[in-house]
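Visitor: Could you take me through the salt bridges here, one pair at a time? I would like to know where the partners sit and how exposed they are.

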Amino acid sequence: MRMNLKAKRKELGLTRQQAADKLDITIRAYQYIESGERNPSWKLIHRFEKLFKMPITQLLEISETDLKKTC
């Protein structure tokens, strides 16, 4: 489900650890998000968008409706 996030991370040449460090989260938290086991908080969503320069809906392959459900 989270293939866009993984693909974008690899496109930027980042390891999971490097991405986690740039997002100021633990490697495990990043792994949960990348694997689809957890969704990022609203605060973290903005960091993802800034780091990867893409809307979160494209990175995580979720719809706007799904995103609103996390509120």
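Guide: Happy to; here is a walk through the salt bridges and their surroundings. Please keep in mind that this is a predicted model. The count comes to 3 salt bridges, and a good place to begin is Glu34.

Arg9 meets Glu34 in a salt bridge, with 2.7 Å from N to O. Because Arg9 belongs to helix α1 and Glu34 to helix α3 (residues 27-35), this pair ties together parts that are 25 residues apart in sequence. Arg9 counts as buried, at 6% relative accessibility, and Glu34 is buried as well, at 5%.

Glu34 has another partner in Arg16: here the closest N and O atoms are 2.8 Å apart. Arg16 lies in helix α2 (residues 16-23) while Glu34 lies in helix α3, so this salt bridge links parts that are 18 residues apart in sequence. With a relative accessible area of 33%, Arg16 is partly exposed. Through the shared partner, Arg9, Arg16 and Glu34 are joined into one network.

The remaining pair is Lys8 with Glu11, whose closest N and O atoms are 3.2 Å apart. Both residues sit in helix α1 (residues 3-11), and because they are 3 residues apart there, about one helical turn separates them. Their surroundings contrast: Lys8 counts as buried, with 15% relative accessibility, which falls under the 20% cut-off, whereas Glu11 is exposed, at 59%, which is over the 50% cut-off.

Note on methods:
Residues numbered from 1 in each chain as written. Predicted model: local features only at pLDDT ≥ 70, side-chain atom pairs only at ≥ 80, totals over all residues. Heavy atoms only, no water. Salt bridge = Lys/Arg side-chain N within 4 Å of Asp/Glu carboxyl O. Helix = DSSP H or I, 4+ residues; strand = E, 2+ residues; numbered from the N terminus. Buried < 20%, exposed > 50% of the residue type's maximum accessible area, 1.4 Å probe, protein only.
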